[in-house]
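Subject: The structure we talked about

Hi,

Here is the structure I promised to pass on, with my notes underneath. Have it open while you read, and click along as you go.

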Amino acid sequence: MFFRTDQKHGLPHNPFNALVAPRPVGWISTLDRDGRPNLAPYSFFNAVSYAPPQVIFSGGPRPGRRGEAVPMKDSVINARETGEFVVNVATWETRAAMNATSAHAPAGADEFELAGLAKESAVLVKPPRVKECPAHLECVTVAVYPTLAAPGYAPNLIVLGRVVGIHIDERVLTGGIVDQAKLQLVGRLGGDQFVRVGDVFAMRRPD
Ligand SMILES: Cc1cc2nc3c(=O)[nH]c(=O)nc-3n(C[C@H](O)[C@H](O)[C@H](O)COP(=O)(O)O)c2cc1C
């Protein structure tokens with residue numbers, strides 16, 4: 001089949017996400033301008049550059065809170081207002097808590113507490129880390145900019161962040177290399193489907 005994305009696809013769900021998969025889950029912790037912690041997963045998330053290391057996450061609009069012209073997700077608001085966020089690496093062990101923190105809690109609610117997670121201080125930024133995670137990226141916000149938006153829709157907002165510090169629990173290293181069998185990352189597929197990284201193989205590049 002083929003469909004134009006500006007026309008109806010006729011399928012039960014939009015297949016777009018399922019074809020750009022698996023997507024890593026950026027589990028984003030921030031502080032609001034009053035210093036209250038916030039935590040939520042974003043699978044519109046990826047690494048986009050090495051030197052310096054940079055990541056993006058993209059927040060969709062949310063209906064009618066705070067009365068903004070374009071209501072935004074708290075993680076985006078906080079990363080923009082405070083200039084900082086932490087990416088907590090979501091794993092098989094933390095999957096249920098990660099999912100729980102996607103609940104649309106009121107602004108200012110502490111999703112660490114809602115999901116029963118412990119906080120650990122970051123080194124270079126103020127938002128706390130999820131202690132249960134084996135790796136974390138401490139980030140400063142570089143830019144926040146809108147995606148295209150279909151008629152009648154608000155755009156997503158893309159947060160570009162510079163990774164200024166990286167934590168890795170040595171228990172997920174083997175010979176100094178990140179051991180994917182120990183790390184057990186989870187990725188998002190389409191709809192409510194996820195994948196656990198397990199079937200790892202190596203391939204040499206041609207040059
Ligand atoms: C695995 C997973 C991935 C998600 N990815 C995104 C995403 O990329 N963009 C987005 O706007 N919402 C995404 N969500 C929904 C948000 O997590 C949810 O709207 C959350 O309440 C936002 O919280 P915040 O307003 O505190 O940032 C995702 C949810 C789950 C469970």
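Right after helix α2 comes G83, which has a positive phi near 80°. Keep in mind that this is a predicted model, so treat everything below as computed from it.

Stay with α2 for a moment. The helix covers residues 74-82, and its buried residues are D74, S75, V76, I77, N78 and A79. What do those buried residues pack against? They pack against six strands: β2 (26-31), β3 (37-42), β5 (54-59), β6 (84-89), β9 (135-146) and β10 (157-168). The helix lies across these strands, and it runs at about 55° to β2.

Now for the sheet itself. Seven strands make an open sheet in the order β3-β2-β6-β9-β10-β5-β4, and the pairing is antiparallel. Why do β3 and β4 (45-49) each have one side without a neighbour in the sheet? They stand at the edges with a single partner strand each, so there is nothing beside them in the sheet on the other side. On average, neighbouring strands here are turned by 35° against each other, if you ignore direction. As a reminder from class, strands of a sheet pair through backbone hydrogen bonds, and they can do that either parallel or antiparallel.

If you want to trace some of the pairing yourself, start at β2. On one pairing, β2 and β3 run antiparallel and are joined by six bridges, with G26 opposite Y42 in β3. The two strands form a hairpin with five residues between them, and G35 has a positive phi there, near 85°. β2 also pairs with β6, again antiparallel, through four bridges. In that pairing, I28 sits opposite V87 of β6.

I28 is a nice one to click on. Leaving out residues up to four places away in sequence, I28 touches A40, Y42, F57, S75, F85 and V87. I28 also turns up in the largest nonpolar core, which has 31 residues: W27, I28, V86 and V87 are the ones that touch the most other members. Elements giving two or more residues to this core are β2, β3, β5, α2, β6, α3 (95-100), β9 and β10. Of these, β6 has the largest share, with four residues.

Next, the ligand. How many residues surround it? There are 17, and the closest are A40, F44, D74, S75 and S102. β3, β5 and α2 are the elements that give two or more residues to this shell, and β3 gives the most, with four. By type, the shell has five nonpolar, nine polar and three charged residues. So the edge strand β3 comes up again here, and five of its six residues are buried, which makes it mostly covered.

Finally, there is another sheet to look for. It is open, with three strands in the order β1-β13-β14 and antiparallel pairing. Its edge strands are β1 (23-24) and β14 (194-196), each pairing on one side only. Two bridges join β1 to β13 (residues 186-188), and these strands run antiparallel. To find the spot, look for R23, whose bridge partner in β13 is R188.

That's the tour. Shout if you get lost anywhere!

Cheers

Methods: Residues are numbered from 1 along each chain as its sequence is written. This is a predicted model: local features need pLDDT of at least 70, side-chain atom pairs count only at pLDDT 80 or more; totals for chains, interfaces and linings use all residues. A residue is buried if 20 or more other C-beta atoms lie within 10 Å of its own, exposed if 12 or fewer, and partly exposed in between; C-beta atoms are placed from the backbone. Two residues are in contact if their C-beta atoms, placed from the backbone, lie within 7 Å. Two strands pair if DSSP finds at least two bridges between them. Axes are lines fitted to C-alpha atoms, for helices over the stretch in contact, and angles run from 0 to 180 degrees between N-to-C directions. A residue is near a molecule or strand if its C-beta atom, placed from the backbone, lies within 6 Å of it. Ala, Val, Leu, Ile, Met, Phe, Trp, Tyr, Cys and Pro count as nonpolar, Asp, Glu, Lys and Arg as charged, and the others, Gly among them, as polar. A nonpolar core is a set of buried Ala, Val, Leu, Ile, Met, Phe, Trp, Tyr and Cys residues joined through C-beta atoms within 7 Å.
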